[in-house]
Amino acid sequence: MNKTERMLAIVIELQRKGVLRAEDLAAKFETSIRTIYRDVQALSEAGVPVAGAPGVGYSLMEGYFLPPVGFTAEEAVALLIGADFVRIRLDAEYGAKARSSQEKIEAILPENVREETERIRSAIRLLNEREGKTRGQEKETFEQLRQAILGKRRVRFRYSKNLPDSDGYRHGERTVDPYGLVFSQGVWMLVAFCGLRHAIRHFRLSRMNELALLEDSFLLVPGFRFQDHRPIDDRNVTVHMLVDEAIADRVQESDNFYMESFEPGEEGWQATFRVRRVEDLLQWTLGWGAAVRVLEPESLRKRVREEIKKMLERY
């Protein structure tokens, strides 16, 4: 139990029992009397009217009470759907915790709020679009990484990159210090210090294989704060494309990560992207066929021509 949870529990205990000594509270929460003194002082500074009488104990001023937690139908729906997301996207342990949380929330709702919550929730569904082996493997990877992060243990895995390195290889083994997990653009990413690159890198869980927790422990890079971490934006190549009107809506719905703007023009829709290298957009561009045309840079136009030539030779 952390300090915030303990302080809330102290208020609830005083509300239930009226008067309690510091010794009683210390025994209840398995902490020291000095800690209880500090907690009560913090409560007083936060505006909670805790009165203390020598030889008697602490009590709440008459008329003060902590109201029971109540939810509106919309608040309850938000929590229940959030728990649905946890069950779908996280590992089995958190999935079980999410379900038990849902049951507790549903149990404390007044009947009229529960009925309204059920009505709203029946119109909203989260579908797991990637059921089966792939999703199961990713959940298992998530659970292993979560344990490694909490235990500060290094991990080793085989990783498949989207594009090959300068040496031409897409697959390789990595040993990393796992710092945290981020859900971005519909995928889970591991933020970790990579022993190969000697820098903080991001790894998609879906591209990891043969993950193993090592006995080696690690320390965070001095000054690193996961909550403040933002990846360096090194997308320095700008790409302009022309998109046919007939597929403009589908291109916009594709929600390409690299797209910066998408605006109508005289000859079609103008799409602007920022990438690290032109190969980041090669397959995406080819997938739209003649309906998408690269305007610049010339390096991407050349790569598209080369790929089309290879395709013609095969057909």
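Hi everyone, let me start with one residue: Lys 3 comes out as partly exposed, at 43% relative accessibility. Please keep in mind throughout that this is a predicted model. Lys 3 belongs to helix H1, which covers residues 3-17. Setting aside neighbours within four places in sequence, Lys 3 touches Asp 39 and Ala 42. There is also Thr 35, which is 32 residues away from Lys 3 in sequence, with a C-alpha to C-alpha distance of 9.3 Å.

Now let me step back to the whole chain. We have ten helices and twelve strands here. The radius of gyration is 28 Å, and the globule rule for 315 residues gives 20 Å; the value for the chain is well over that, so the chain is more spread out than a compact globule. You can see this on the screen if you follow the C-alpha trace, which spans about 90 × 50 × 35 Å along its principal axes.

How much of the chain counts as buried? The figure is 35% of the 315 residues. As for the surface, about 20,200 Å² is exposed, with carbon and sulfur atoms supplying 50% of that area. Turning to contacts, take those with a separation of 6 or more: 58% of them are between residues 24 or more positions apart. And for those of you who like charges, the chain carries 49 positive and 50 negative side chains, and the centres of these two sets are 5 Å apart.

Next, the aromatic residues. A pair of aromatic rings is described by two things, the distance of the centres and the angle of the planes. In this model, the count of aromatic pairs is twelve. Let me show you one of them, Phe 262 with Trp 269: the ring centres are 4.9 Å apart and the planes meet at 25°, under the 30 degrees cut-off, so this pair is stacked. Are these two residues buried or exposed? Phe 262 is buried, at 12% relative accessible area, and Trp 269 also counts as buried, at 18%. Elsewhere, ring pairs join Phe 85, Phe 142, Phe 183 and Trp 188 into a cluster.

Let me move on to the backbone, where I have three spots to point out. Where is the cis peptide bond? It joins Glu 296 and Pro 297, with omega at about 10°. Pro 297 sits in the loop that runs between strand E12 (292-296) and helix H10 (298-314).

The second spot is Glu 30, which is not a glycine and yet has a positive phi of about 55°. You will find Glu 30 in the loop between helix H2 (22-28) and helix H3 (33-45). With a relative accessible area of 74%, Glu 30 is exposed.

The third spot is His 198, another residue other than glycine with a positive phi, near 55°. His 198 lies in the loop from strand E6 (187-194) to strand E7 (199-204). This residue counts as exposed too, at 62% relative accessibility.

One last stop before I hand over: Ala 53, in strand E2, residues 50-53. Ala 53 is partly exposed, with a relative accessible area of 35%. Its C-alpha is 9.3 Å from that of Arg 21, and the two residues are 32 positions apart in sequence.

That's my tour, thanks for listening!

Conventions
Residues numbered from 1 in each chain as written. Predicted model: local features only at pLDDT ≥ 70, side-chain atom pairs only at ≥ 80, totals over all residues. Heavy atoms only, no water. Helix = DSSP H or I, 4+ residues; strand = E, 2+ residues; numbered from the N terminus. Rg over C-alpha atoms; globule rule 2.2 N^0.38 Å. Buried < 20%, exposed > 50% of the residue type's maximum accessible area, 1.4 Å probe, protein only. Contact = heavy atoms within 4.5 Å. Areas by Shrake-Rupley, 256 points an atom, 1.4 Å probe, with all protein chains shown as cover. Lys, Arg positive; Asp, Glu negative; His and termini not counted. Charge placed at Lys NZ, Arg CZ, Asp CG, Glu CD. Phe/Tyr/Trp six-rings, centres within 6.5 Å; stacked < 30°, edge-to-face > 60°.
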